[in-house]
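Reader: Please take me through this model, one question at a time.

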Amino acid sequence: MITRSAASVQTHWQEALSQVISDPVELLNLLDLDPALLEGAQQGSSAFKLWAPRPYVARIQRGDINDPLLKQVLPVSAELEHQPGYSMDPLGEKPKNQQAGVIHKYRDRLLFIISNTCAVNCRFCFRRHFPYDENRLNREQWQEALDYVRNDTEISEVIFSGGDPLALNDQRLGWIVDGLASIPHVQRLRIHTRFPIMIPQRITEEMLDWFARTRLQPIMVLHCNHANEINEDVIEAIQRLKQAGVTLLNQTVLLKGVNDTVDDLEKLSRTLFQNGVLPYYLHLLDKVQGAAHFDMEQEAAQRLVGKLAARCSGYLVPKLVREVAGVPAKTTLAPIMPDA
Ligand code: SF4
């Protein structure tokens with residue numbers, strides 16, 4: 001049941017964003033963690049800042065260094081180790097980012113880099129080295145990005161990415177959505193976001209209004225990595241989106257030490273589906289410098305998904321995929337089934 005008024009919900013997410021935890025000392029104290037972790041956390045944070053919202057941190061088990069949510073936000077010194085085979089631009093996005101705010105990799109769809117900030121700095125982020133400063137747009141430049149879409153009649157879908165696109169306020173977002181809706185060949189709007197997981201109060205009445213009024217078909221891809229991330233507030237946010245007619249999909253990154261067991265994946269899929277979200281993609285880690293310690297061997301991942309497929313209905317088994325720079329679609333990897 002929704003108990004908060006729309007006005008209080010609207011201010012709450014901006015407040016939560018302004019109170020994000022960025023000091024490793026505070027995070028370790030809040031979670032009763034061993035002070036010996038501090039040096040590594042400070043080193044990791046110097047390369048990619050600690051940035052963890054309090055509503056999410058509240059779901060972390062105090063004193064548990066192996067908590068799967070903690071591992072996604074706590075910086076560690078391994079992030080500074082240079083690993084061969086890992087890149088600053090693992091998806092080869094730079095050459096596809098010739099127009100500010102736009103990444104055009106695929107024929108019929110493109111990405112808008114809507115925001116340069118996020119509700120969280122995920123330690124495995126594939127854009128942790130992305131040149132956001134070159135993609136910070138004013139209204140006139142957004143008009144140019146919209147014109148880019150208008151001039152390419154093959155584009156039927158625009159994907160809001162970032163950073164996290166929902167870090168932008170509803171007024172600006174609504175203006176961009178209206179601009180896209182005025183382009184006849186654009187049919188779908190897809191939003192990739194971790195906000196409903198990190199700060200579920202981000203799903204405001206104003207946002208639901210622009211979903212309701214746009215002629216574009218809205219799709220939201222939640223980036224949920226573990227069932228422990230889904231609490232009552234997240235479920236409420238999901239329900240509000242569903243009621244507004246938004247198609248909800250989930251994309252998970254397979255992360256060593258976070259969600260790399262069949263029990264983890266099964267619980268995540270069942271929890272998502274029970275709440276109206278289709279577990280759609282399971283991504284192998286994009287090989288970005290600083291995140292190698294999360295990576296899993298491809299064959300181990302295929303065997304894991306095989307075990308999941310042996311336990312669950314097909315619609316609970318996300319597609320295992322890898323994104324390869326320069327390839328015009330994600331590469332699907334077949335599950336390796338366990339012996340009968
Ligand atoms: S929310 Fe997405 S873009 Fe932001 S830090 Fe996490 S993975 Fe990176």
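**Pocket, ligand and sheet**

Reader: What is the volume of the largest pocket?
Author: The model is predicted, with local features needing pLDDT of at least 70 and side-chain atom pairs pLDDT 80 or more, while totals for chains, interfaces and linings use all residues. Residues are numbered from 1 along each chain as its sequence is written, and side-chain values use heavy atoms, without hydrogens and water. A pocket here is an open set of 1 Å grid points, over the protein atoms alone, where a 1.4 Å probe fits, with protein on both sides within 12 Å along at least five of seven lines. Taken as the space filled by probe spheres set on the points, the volume of the largest pocket is about 1200 Å³.

Reader: Between which domains does the largest pocket lie?
Author: The domain bounds come from an automatic or database assignment. Both domains give residues to the lining, so the largest pocket lies between domain 1 (6-80) and domain 2 (94-332).

Reader: How many residues line the largest pocket?
Author: Lining residues have an atom within 4 Å of a grid point. They divide into 24 nonpolar, 12 polar and 13 charged, where Ala, Val, Leu, Ile, Met, Phe, Trp, Tyr, Cys and Pro are nonpolar, Asp, Glu, Lys and Arg charged, and the others polar. Phe-126, Arg-127, Ser-161, His-192 and His-223 lie nearest the centre of the pocket, and the lining residues number 49.

Reader: Which residues surround the ligand?
Author: The ligand sits in the largest pocket, with more than half of its atoms within 2 Å of the grid points. By class, its shell has four nonpolar, two polar and one charged residues. With a heavy-atom limit of 4 Å, the residues around the ligand are Cys-118, Val-120, Asn-121, Cys-122, Cys-125, Gly-163 and Arg-194.

Reader: Which residue does the cis peptide bond join to Gly-162?
Author: Omega of this bond is about 20°. The partner is found in the loop between strand 3 and helix 7 (170-181), with helices (H or I, at least four residues) and strands (E, at least two) taken as DSSP runs. The residue joined to Gly-162 is Gly-163.

Reader: Which strands are at the edges of the sheet?
Author: Nine strands form an open sheet of mixed pairing, in the order 1-2-3-4-5-6-7-8-9. Strands pair if DSSP finds at least two bridges between them. Each edge strand pairs on one side only, and the two are strand 1 (102-103) and strand 9 (331-332).

Reader: What is the bridge partner of Val-102 in strand 2?
Author: Strand 1 and strand 2 pair in the antiparallel sense, over two bridges. In strand 2, the partner of Val-102 is Phe-112.
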